[in-house]
Amino acid sequence: MIETMMDAIVQYFSDFTWVKAVDMAGLVLGLIYLWLEFKASIWLWLVSVVMPIVHGYLYWERGLYADFGMEVYYVLAAVYGYAMWRWVRSRDAGAGEQAAERPITRFPLRLVLPVTLIGLALWAGIYWVLVTFTDSSVPLCDSFTTALSMVALWALAKKYAEQWLLWLVVDLVCAVLYVYKQIPFTACLYAFYTVMAVLGYRYWLKKMRQQPAGK
């Protein structure tokens, strides 16, 4: 896989285009976003508004229509995520008091089954749309990563530590898919995301244990 990526990058620079410049810009924004997410910084949601514009153009040009639609969802989710992190009410906050930023918590076991069913329904629905209304050449993978990303982004907005495990699967599949679609910078970014998802999960668990009691 590494040799394939290197060959793709060499070929990539032999014919530089606007799409490739956008690909590189997406790489930079993605790294900034990843650092902010790793640190559990609320500013990641600001980058979440800018980054979808860059990636949306790229995905449309490469025929990844479900991923393009996902970028619209990302913008809306960024607003929701910021609100969830910034203005969540704590059980300990009094009436009319503004609570502290949302704490990191574990994914509730009671939500595993319903969230799984919702994810499968999204996958099936997006796959049907791609097959019926687009010329997508990778509808199965495209719909899978899009559906799981929607679930993972919701889990991130709730600040569940296990959101990293969902992104781990998404990032691994996307890295391979984007090599196939010949957008190597984005592929490298997602390969890096895959590694960071493991480190991020461990860091969030550590940070969760360091939170004040009762959070």
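**Exercise 1.** Determine where K159 is placed, and whether K159 is buried or exposed.

*Solution.* Step 1: K159 sits in the loop between α6 and α7; helices are DSSP runs (H or I, at least four residues) numbered from the N terminus. Step 2: K159 has a relative accessible area of 4%, so it is buried (under 20% relative accessible area, 1.4 Å probe, protein chains only). Step 3: although not a glycine, K159 has a positive phi of about 60 degrees.

The model is predicted: local features need pLDDT of at least 70, side-chain atom pairs count only at pLDDT 80 or more, and totals for chains, interfaces and linings use all residues. Residues are numbered from 1 along each chain as its sequence is written, and side-chain values use heavy atoms, with hydrogens and water left out.

**Exercise 2.** Find the loop that holds A40, and state its phi.

*Solution.* Step 1: A40 belongs to the loop between α2 and α3. Step 2: its phi is positive, about 55 degrees, although A40 is not a glycine. Step 3: A40 counts as buried because its relative accessibility is 7%.

**Exercise 3.** Establish which side chain of opposite charge is nearest to E37.

*Solution.* Step 1: E37 is found in helix α2. Step 2: E37 is buried, and the nearest side chain of opposite charge is K159, 11 Å away; Lys and Arg count as positive and Asp and Glu as negative, while His and the chain ends are not counted. Step 3: E37 has no salt bridge (a side-chain nitrogen of Lys or Arg within 4 Å of a carboxyl oxygen of Asp or Glu). Step 4: leaving out residues up to four places away in sequence, E37 touches L44, L156, Q163, W164, W167 and W204 (heavy atoms within 4.5 Å).

Technical notes
Helices (H or I, at least four residues) and strands (E, at least two) are DSSP runs, numbered from the N terminus. Buried means under 20% relative accessible area, exposed over 50%, partly exposed in between (1.4 Å probe, protein chains only).
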